[in-house]
Amino acid sequence: MQLPNHGANPQNVYRQLGLVMPEDVYDFSENVNSAGPPPFVEARWRTFYPLIQRYPDPDGEPFLTKVAAFHHVIKDSILLGNGASELFAVLARRYACKRVIIVHPTFSEYERTLQAVGANIVPIIVEDIVQYALPMEQLKREMVNADALYICTPNNPTGVLPQKVELEQLMIHGANVNCELVFDEAFIDWVDEGYSLIGHVAKNPHVLVVRSMTKMYAIPGLRLGYLVANPAVVRELKGMLAHWNLNAFALVIGAGCLDEQYYCQRAITYARNQRDTLQSYLQENGCQVTNSVTNYICFALPKNQSADAFFTYCLSKGVVLRHTHNFLGLNGEWFRIGIKDITAMTYLHNCLQTWFKAN
Ligand SMILES: Cc1ncc(COP(=O)(O)O)c(C=O)c1O
């Protein structure tokens with residue numbers, strides 16, 4: 001099957017498979033917060049308009065100060081990006097022609113950006129998809145000869161949070177064997193800041209943490225993310241970015257988002273409830289389901305059911321799931337479902353019910 005490499009833009013899935021797109025489509029293939037942006041964004045929308053006439057602040061204010069205060073880190077240790085994606089692109093240049101370990105199955109942009117700069121990529125595939133248990137000994141062995149290790153925590157697409165003590169062990173090992181660690185915490189807002197590794201950056205110049213504002217705050221169209229690392233690393237990476245790499249709207253809206261604790265808490269509770277219900281339902285129907293802590297889950301059908309037939313069946317009903325054909329270790333056998341609003345979740349339930357009754 002020739003399918004898009006990312007979720008979202010469901011019309012591309014139908015087009016690439018040569019299928020007619022139904023009038024009503026529920027897109028479960030992307031995993032941004034289904035609540036939409038915090039209400040202040042719409043309420044203050046007109047006040048943002050005058051910003052269009054000025055260049056944005058080249059240092060990224062007022063967002064930069066907000067990020068520093070939010071994480072209790074110095075501003076010099078923060079690099080702002082036009083989405084976390086821009087940060088991965090620039091980060092890859094740090095590892096051009098170097099040896100980099102990627103733990104799979106995971107977000108495909110690490111590999112794409114590293115490949116583009118000729119990095120020597122070492123893929124390590126996690127076998128226990130449900131628990132996403134890291135192969136610690138293998139990782140430690142490979143780190144001896146590697147320049148960097150990328151880990152997504154919580155992981156996309158499985159949604160599983162690796163154990164913090166294990167990540168800390170890898171961090172200590174990295175310092176000993178001179179291997180940098182890049183932690184992608186794009187989805188950590190769905191858990192708790194206590195699981196973030198940002199607190200370790202100040203004392204560990206070999207640790208880099210990437211964050212995205214896209215997912216929790218439902219602002220994929222704005223493009224906003226940041227990286228926390230040693231100031232020397234930040235300076236080097238900043239030198240490779242465009243002078244005004246962030247637009248003025250992203251900088252004010254991003255600053256406002258970091259005040260939205262109540263909004264985040266509600267989103268976390270909603271996702272947890274929906275996830276628990278969906279996980280139980282899928283397990284009752286014989287599926288393997290990942291131990292996700294995020295606003296999406298991954299599941300595999302019982303062995304006797306065809307993944308491709310199921311995917312096509314869902315599409316015919318207007319239910320677009322995230323296929324996993326381009327994830328090492330999942331190979332199209334698993335599907336990712338992003339948690340959506342109640343109407344969509346009910347529609348999904350009915351669609352799955354019809355499938356499981358007939359199969
Ligand atoms: C794990 C992970 N990291 C980073 C990103 C990129 O996020 P952004 O929208 O901030 O570029 C994504 C987007 O899907 C993602 O899934």
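## A tour of a sheet and a pocket

Start by selecting Tyr 296, which stands opposite Gly 338 in β12. Keep in mind as you look around that this is a predicted model.

**Stop 1: the strands.** Widen your selection to residues 296–300, and you have strand β10. Now add β12: the two strands run antiparallel and are joined by 5 bridges. Strands of a sheet pair through backbone hydrogen bonds, so switch those on in your viewer if you can.

**Stop 2: the whole sheet.** Which strands make up this sheet, and in what order? Reading across, the order is β9-β10-β12, an open sheet of 3 strands with antiparallel pairing. For the edges, select 288–289 for β9 and 334–338 for β12; each of these edge strands pairs on one side only.

**Stop 3: the helix across the sheet.** Next, select residues 261–284, helix α12. This helix lies across β9, β10 and β12, and runs at about 5° to β10.

**Stop 4: the second largest pocket.** Leave the sheet and select Pro 58, Asp 59, Ile 78, Leu 79 and Lys 238. Of the 18 residues that line the second largest pocket, these five lie nearest its centre. The space in this pocket comes to about 320 Å³. To see where the lining comes from, colour β2 (78–81) and α10 (231–238), the elements that give two or more residues to it. Which element gives the largest share of the lining? That is α10, with 4 residues.

Finally, colour the lining of this second largest pocket by class: you should find 10 nonpolar, 3 polar and 5 charged residues.

Key
Residues numbered from 1 in each chain as written. Predicted model: local features only at pLDDT ≥ 70, side-chain atom pairs only at ≥ 80, totals over all residues. Heavy atoms only, no water. 1 Å grid on protein atoms, 1.4 Å probe; cavity = no way out; pocket = protein on both sides within 12 Å on 5 of 7 lines; lining within 4 Å. Points joined across faces, edges and corners; volume = space filled by probe spheres on them. Nonpolar A, V, L, I, M, F, W, Y, C, P; charged D, E, K, R; others polar. Pairing = 2+ DSSP bridges. Contact = heavy atoms within 4.5 Å. Axes fitted to C-alpha atoms, helices over the stretch in contact; angles between N-to-C directions.
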